[in-house]
Amino acid sequence: NNSAAKIFFDKSGLSLRNIIEVLWVDKPTDIIAFVGPEGDLTQSEKLLLRENGFGFCSLTKSTLRAQQAVVVALGALRSLL
């Protein structure tokens, strides 16, 4: 979907605030959110996400457990709707 914002939540990404500002301006019709597994993704898996249009977003300065990341990510995205 070309009108969908694709976001992968990873500590190497842009800040959550920056992503929210972009989403607020772009107003995508859909948001596809991807949270990786506990042990993280491999570099080749992350490259595959980038090649498929996913932007990387850092939720916090610390590394979150996957379960916590899902809650924080969905809460932040829900606040946009």
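A residue is called buried when its relative accessible area is under 20%, exposed when that area is over 50%, and partly exposed in between. By that scale Val22, at 44% relative accessibility, counts as partly exposed. The structure described here is a predicted model, and Val22 is a convenient place to enter it, since this residue lies in helix 1. The C-alpha atom of Val22 is separated by 9.7 Å from that of Ala5, a residue 17 positions away along the chain.

**Helix 1 and its two sides**

Helix 1 spans residues 16-26, and its buried residues are Leu16, Ile19 and Leu23. These residues are on the same side of helix 1, because they cover an arc of only 65 degrees around the axis. What covers them includes strand 1 (4-15), strand 2 (30-35), strand 3 (55-58) and helix 3 (66-78). The face turned away from that buried side carries the exposed residues Arg17, Trp24 and Val25. Just after the helix, Lys27 takes a positive phi of about 50 degrees.

**Salt bridges**

The structure holds four salt bridges, and three of the pairs are set out below with the separation of nitrogen and oxygen.

| Pair | N to O distance |
|---|---|
| Arg17 and Glu21 | 3.2 Å |
| Arg65 and Glu38 | 3.1 Å |
| Asp40 and Lys46 | 3.1 Å |

The pair of Arg17 and Glu21 belongs to helix 1, where the two residues lie four residues apart, about one turn of the helix. Arg17 counts as exposed because its relative accessibility is 61%, a value over the 50% that marks the exposed class. Glu21, with a relative accessible area of 40%, is partly exposed.

What parts of the chain does the pair of Arg65 and Glu38 tie together? Arg65 lies in the loop between strand 3 and helix 3, while Glu38 lies in the loop between strand 2 and helix 2 (43-51), so the pair ties together parts that are 27 residues apart in sequence. Arg65 is exposed, with a relative accessible area of 53%, whereas Glu38 is partly exposed at 49%.

Is Lys46, the partner of Asp40, buried or exposed? Its relative accessible area is 10%, and Lys46 is therefore buried, given that the buried class takes in values under 20%. Asp40, by contrast, is partly exposed, with a relative accessible area of 37%. Salt bridges that share partners join Asp10, Asp40 and Lys46 into one network.

**The largest pocket**

The largest pocket has a volume of about 340 Å³. It is lined by 20 residues, of which the closest to its centre are Phe9, Asp10, Lys11, Thr63 and Leu64. Asp10 thus appears in this lining as well as in the salt-bridge network with Asp40 and Lys46. The elements that give two or more residues to the lining are strand 1, strand 3 and helix 3, and strand 1 gives the most, with four residues. These three elements are also among those that cover the buried residues of helix 1. In its make-up the lining divides into nine nonpolar, six polar and five charged residues.

Terms used: Residues numbered from 1 in each chain as written. Predicted model: local features only at pLDDT ≥ 70, side-chain atom pairs only at ≥ 80, totals over all residues. Heavy atoms only, no water. Buried < 20%, exposed > 50% of the residue type's maximum accessible area, 1.4 Å probe, protein only. Arc of directions from axis to C-beta. Contact = heavy atoms within 4.5 Å. Salt bridge = Lys/Arg side-chain N within 4 Å of Asp/Glu carboxyl O. 1 Å grid on protein atoms, 1.4 Å probe; cavity = no way out; pocket = protein on both sides within 12 Å on 5 of 7 lines; lining within 4 Å. Points joined across faces, edges and corners; volume = space filled by probe spheres on them. Nonpolar A, V, L, I, M, F, W, Y, C, P; charged D, E, K, R; others polar.
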